[in-house]
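Reader: I am new to this structure. Please take me through one part of it, slowly and closely.

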Amino acid sequence: IRRTRRVLAGRGLVEAVTWSFIPQPQAVAFGGGSDVLQLANPISPDLATMRPSLLPGLLAAAQRNRNRGFADVALFELGQAYRGDRMEDQFIAAGGVRAGAATQTGSGRHWSGAARIADVFDVKADASAVLAALGLDIGKLQVTRDAPAWFHPGRSGTLRLGPKVVLAHFGEMHPAALKALDVSAPAAAFEIFLSALPPE
């Protein structure tokens, strides 16, 4: 976790800490929202469901920054997410979001013209840099096109260690997922499943 945090900070992303609870419609949009993950006594109706992913909170934080005039935002978070109510359904992940022109080479306007918008290649590079720093040979990983539905189908992918072990998803966000969160496009994101890494 410490190494992942250092790598992502070194790549220009700012660490954020978001709620582990999100509104149920957002959880549903990211593959969660089941009844077993509803809180019995939530602190707010908008914070009633355990998050299935770190991305909804990060995308909402990026939008709050955009609303305050910071259009180019690069955020990351390390934390737990939940697929179900069993112990093995809880996992540790590292998620990141690049919105606007917040690319690895810098953000904002460029002397040569319009700034380049962060895209699938930026977030793939972020995920690959973390996995390489954690001792994995990036050349041996498989890149497949079966990223979850909240990613854009033609601009996303999955990093796998063999056919069964999913290490990360990355890509540009699907417009429908952004609309469900009331987040303005464009945005690209990645999520690395630290719990799925093989033991060293």
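**The loop before β9, and the strand itself**

Author: Pro-186 is found in the loop that runs between α5 (175-181) and β9. This is a predicted model. A cis peptide bond connects Ala-185 to Pro-186. Its omega is about 0°.

Asp-182 belongs to the loop between α5 and β9 as well. Asp-182 is not a glycine, yet its phi is positive, at about 60°. What is the relative accessible area of Asp-182? The value is 66%. Exposed means over 50%, so Asp-182 counts as exposed.

Now follow the chain into the strand. Strand β9 covers residues 187-193, and Phe-193 is part of it. Phe-193 pairs with Phe-91, which sits in strand β5 (residues 90-99). The two are 102 residues apart, so the pair links distant parts of the chain. The structure holds three aromatic pairs.

How do the two rings meet? Their centres are 5.7 Å apart. Their planes stand at 65°. Planes over 60 degrees apart count as edge-to-face, so the pair of Phe-91 and Phe-193 is edge-to-face.

Are these two residues buried or exposed? Both Phe-91 and Phe-193 are buried.

One more residue joins the picture. Arg-83 lies over the face of Phe-91, at 3.9 Å from the ring centre. Arg-83 also lies over the face of Phe-193, where the distance to the ring centre is 5.6 Å.

To retrace the route: the loop holds Asp-182, with its positive phi, and Pro-186, with its cis bond to Ala-185. Then comes β9 with Phe-193, linked to Phe-91 in β5.

Conventions
Residues numbered from 1 in each chain as written. Predicted model: local features only at pLDDT ≥ 70, side-chain atom pairs only at ≥ 80, totals over all residues. Heavy atoms only, no water. Phe/Tyr/Trp six-rings, centres within 6.5 Å; stacked < 30°, edge-to-face > 60°. Helix = DSSP H or I, 4+ residues; strand = E, 2+ residues; numbered from the N terminus. Buried < 20%, exposed > 50% of the residue type's maximum accessible area, 1.4 Å probe, protein only. Lys NZ or Arg CZ within 6 Å of the ring centre and 35° of its normal.
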